[in-house]
Amino acid sequence: DQSNAVSYEEFHTYFAKKKEDLARKKRAEAKEAHFVKNLEGAFKLVDINGDGDVSKAEMLMAIQSNYKIQEMLGIKTGGVTTEEFEKIYAKVDTDGSDFIDF
């Protein structure tokens with residue numbers, strides 16, 4: 001209001017909203033951390049030789065043999081064509097190195 005003073009109600013409303021915002025932010029951060037943990041686990045499954053990089057061969061083997069990887073990539077049962085695989089790999093290999101790192 002225009003009184004240049006903060007009433008208890010204004011104070012309470014302001015800090016209740018801040019508390020809700022903080023709780024929402026913490027939930028979002030926890031959700032993101034959970035997602036990253038799951039993503040890292042999936043990456044380790046695909047990184048067959050454990051060198052920290054996923055090669056085309058490792059990715060292709062994972063796509064062909066792991067239905068959860070297929071689901072994550074939106075691949076229908078039955079696998080992918082070479083062309084489809086190249087498109088998927090190119091999207092993930094953002095630096096064009098022919099390896100994917102975490």
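Which residues make up the largest nonpolar core? In this predicted model, the core has twelve residues: Phe43, Val46, Val54, Met59, Ala62, Ile63, Ile69, Ile75, Phe85, Ile88, Tyr89 and Ile100. Three helices each supply at least two residues of this core, namely H1, helix H2 (56-65) and helix H4 (82-92). A general point helps when you look at such a cluster: in soluble globular proteins, nonpolar side chains tend to be buried together.

Ile88 is a good residue to click on next. Leaving aside residues up to four places away in sequence, Ile88 touches Met59, Leu73, Ile75 and Val80. Two of these partners, Met59 and Ile75, are themselves listed in the core.

Now let's turn from the packed side chains to empty space. Rolling a probe the size of a water molecule over the atoms shows where such space is left. Here the largest pocket holds about 280 Å³. Its lining comes from 13 residues, and those nearest the centre are Leu39, Phe43, Met59, Met72 and Val92. Helix H1 (8-46), helix H3 (67-72) and strand E2 (99-101) are the elements that give two or more residues to this lining, and H1 gives the most, with four. In character, the lining is made of twelve nonpolar residues and one charged residue, with no polar ones. Phe43 and Met59 appear both in the core and among the residues nearest the pocket centre.

Finally, how confident is the predictor along the chain? The mean pLDDT is 87, and 96% of the residues reach 70 or more. Confidence is highest in strand E1 (residues 53-55), at 93, and lowest in H3, at a mean of 79. Keep that in mind when you inspect the pocket, since H3 is one of the elements lining it.

Key: Residues are numbered from 1 along each chain as its sequence is written. This is a predicted model: local features need pLDDT of at least 70, side-chain atom pairs count only at pLDDT 80 or more; totals for chains, interfaces and linings use all residues. Side-chain values use heavy atoms; hydrogens and water are left out. On a 1 Å grid over the protein atoms alone, a cavity is a set of points where a 1.4 Å probe fits but cannot get out, and a pocket is an open set with protein on both sides within 12 Å along at least five of seven lines; lining residues have an atom within 4 Å of a point. Grid points are joined across faces, edges and corners, and a volume is the space filled by probe spheres set on the points. Ala, Val, Leu, Ile, Met, Phe, Trp, Tyr, Cys and Pro count as nonpolar, Asp, Glu, Lys and Arg as charged, and the others, Gly among them, as polar. pLDDT is the predictor's confidence in each residue, from 0 to 100. A nonpolar core is a set of buried Ala, Val, Leu, Ile, Met, Phe, Trp, Tyr and Cys residues joined through side-chain atoms within 4.5 Å. Buried means under 20% relative accessible area, exposed over 50%, partly exposed in between (1.4 Å probe, protein chains only). Contact means heavy atoms within 4.5 Å.
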